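Visitor: I should like to learn how to read the features of a structural model. May we go through them one at a time?

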Amino acid sequence: MTCCLPFIFYAFLMTFLSPVMSITDSQSVIQAERICKPGPPLKASLGKMNCLVIGDSISIGYTPWVAKMLGDGYQVQHAPWDQRDGGALDSKYGLQCLRIFLQTVMLEPTKYDVIIFNFGMHDINYGGCWPEEYVEPVDYAENLNAITSILLSTGANVGYVLTTPVPYNVTLNNRAKQYNGIAGHVMKEYPTVVTADLYTWVIEVCGDPPYVSCIIADKQPSPHYTAQGYQYLSERIKDLILDLTQDIDENPPSWKRRESSRWIASKYLVPCSDKYGKVVTVCPYNTTCCDDLFSYTGQGCCLTPEAVPCGDGKHCCPAGFECDPGCSKYKCSCREMR
């Protein structure tokens, strides 16, 4: 999550343009699919509150602190299992890959007591270099609605986390506030979903953007935080999880409530091996294993059968298409083979 354009120039562009892929022939050129990174490594833990955090690299930063603060009675994991990239990225990608995020890296069905999630920083294309991540406000609302419904259907207690500020750019920060407003409106439609306001939590320490430095913020321009900053954010997330677990009946614990998801696990799953032949990830039936530059295991799942990996560690094309030679981790298209 680094900025790819000087923020002043980018702010000007974002005022007038929305990142849209250029397609010269809609019948022969399509946007490449992004490879889904796998879910967390561990199954539900016996006798513990099992918690899943779904979100971007900021949530990757605070999740270990949350686990430490909650202690041994909680198992806290992050989805996707990714420590190098932007995690669950934007809401479009999150919805696409959600069924994988909700299972383990080996696609073992797992029932969580608590799931907290966030989308927003990537939806606004905060850095300017990920046009495929940008999500229009109306689509953002639809995606959040769909994701929230799916998460609630798992039986978990669900919490939503508002997006943190964009410190270095007022235009983008205003967009983050706009998307937080949309998210807040969506969550009001789900009375059982508890919302944590990390945006205000940060503003209370750093003030309103723009700012060039703050005791908890990373070196600017960046939306990230120092170790002290992630510890500070985790205080609010810890309280959210405690709020969501206070009324959970521990009998039966979550590890005994996995039956409803067992249908996904079958002999038709697709094992993904590393260069040594060891199975490190499992993909659903009728999907394709692909090298994933940002997955912790180095493998991910393209959600189409017999897909063509694009060699950039992030994209794939459906059968009958080939990857454009210009594909990179920033964007990629597929050309129909003739």
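Visitor: How many nonpolar, polar and charged residues are in the lining of the largest cavity?

Guide: One sorts the lining by residue class. In this predicted model, the lining of the largest cavity has six nonpolar residues, four polar and one charged. Among the residues that line the largest cavity are Ile58, Tyr62, Met121, Val161 and Asp56. Helix 2, residues 57-70, supplies the largest share of that lining, with three residues.

Visitor: What volume does the largest cavity have?

Guide: Its volume is about 60 Å³. The structure holds two cavities of 30 Å³ or more, and the second largest contains about 40 Å³ of space.

Visitor: By class, what does the lining of the second largest cavity have?

Guide: Here the classes are four nonpolar, one polar and five charged residues. The lining residues include Arg34, Lys37, Asp85, Asp292 and Lys314, as well as Leu89, Tyr93 and Phe294.

Visitor: Lys37 appears in that lining. With which residue does Lys37 form a salt bridge?

Guide: A salt bridge is read from the distance between a side-chain nitrogen of Lys or Arg and a carboxyl oxygen of Asp or Glu, with a cut-off of 4 Å. Lys37 pairs with Asp82, and their closest N and O atoms are 3.1 Å apart. Asp82 belongs to the loop between strand 4 (74-79) and helix 3 (91-101), while Lys37 belongs to the loop between strand 2 (33-34) and strand 3 (49-54), so the bridge ties together parts that are 45 residues apart in sequence. In total, the structure holds seven salt bridges.

Visitor: Which backbone features deserve attention in the loop between strand 4 and helix 3?

Guide: The general expectation is a negative phi for most residues other than glycine, and a trans form for most peptide bonds. Pro80 lies in this loop, and the peptide bond leading from Ala79 to Pro80 is cis, with omega near 0°. Leu89, in the loop between strand 4 and helix 3 as well, has a positive phi of about 55° although it is not a glycine. Leu89 is also one of the residues lining the second largest cavity.

Visitor: Where does Pro221 lie, and what is the form of the peptide bond from Gln220 to Pro221?

Guide: Pro221 is found in the loop between helix 6 (198-206) and helix 7 (227-245). The bond from Gln220 to Pro221 is cis, with omega near 5°.

Visitor: What feature does UniProt place at residues 310-323?

Guide: An annotation is read together with the coordinates. The unreviewed UniProt entry places "domain: Granulins" at residues 310-323. Over that range the chain is 0% helix and 43% strand, and the end C-alpha atoms are 5 Å apart. Gly313 and Lys314 are among the residues lining the second largest cavity.

Visitor: What pLDDT does the chain average?

Guide: One reads the chain average and then the individual stretches. The average pLDDT is 89, and 86% of the residues score at least 70. Over residues 5-25 the pLDDT is below 50, and this stretch has 31 contacts in the model beyond near neighbours in sequence. Residues 253-265 also have a pLDDT below 50, with 22 contacts beyond near neighbours in sequence.

Methods
Residues are numbered from 1 along each chain as its sequence is written. This is a predicted model: local features need pLDDT of at least 70, side-chain atom pairs count only at pLDDT 80 or more; totals for chains, interfaces and linings use all residues. Side-chain values use heavy atoms; hydrogens and water are left out. On a 1 Å grid over the protein atoms alone, a cavity is a set of points where a 1.4 Å probe fits but cannot get out, and a pocket is an open set with protein on both sides within 12 Å along at least five of seven lines; lining residues have an atom within 4 Å of a point. Grid points are joined across faces, edges and corners, and a volume is the space filled by probe spheres set on the points. Helices (H or I, at least four residues) and strands (E, at least two) are DSSP runs, numbered from the N terminus. Ala, Val, Leu, Ile, Met, Phe, Trp, Tyr, Cys and Pro count as nonpolar, Asp, Glu, Lys and Arg as charged, and the others, Gly among them, as polar. pLDDT is the predictor's confidence in each residue, from 0 to 100. Contact means heavy atoms within 4.5 Å. UniProt positions are given in the numbering used here, feature names are shortened, and annotations may be inferred rather than shown by experiment.
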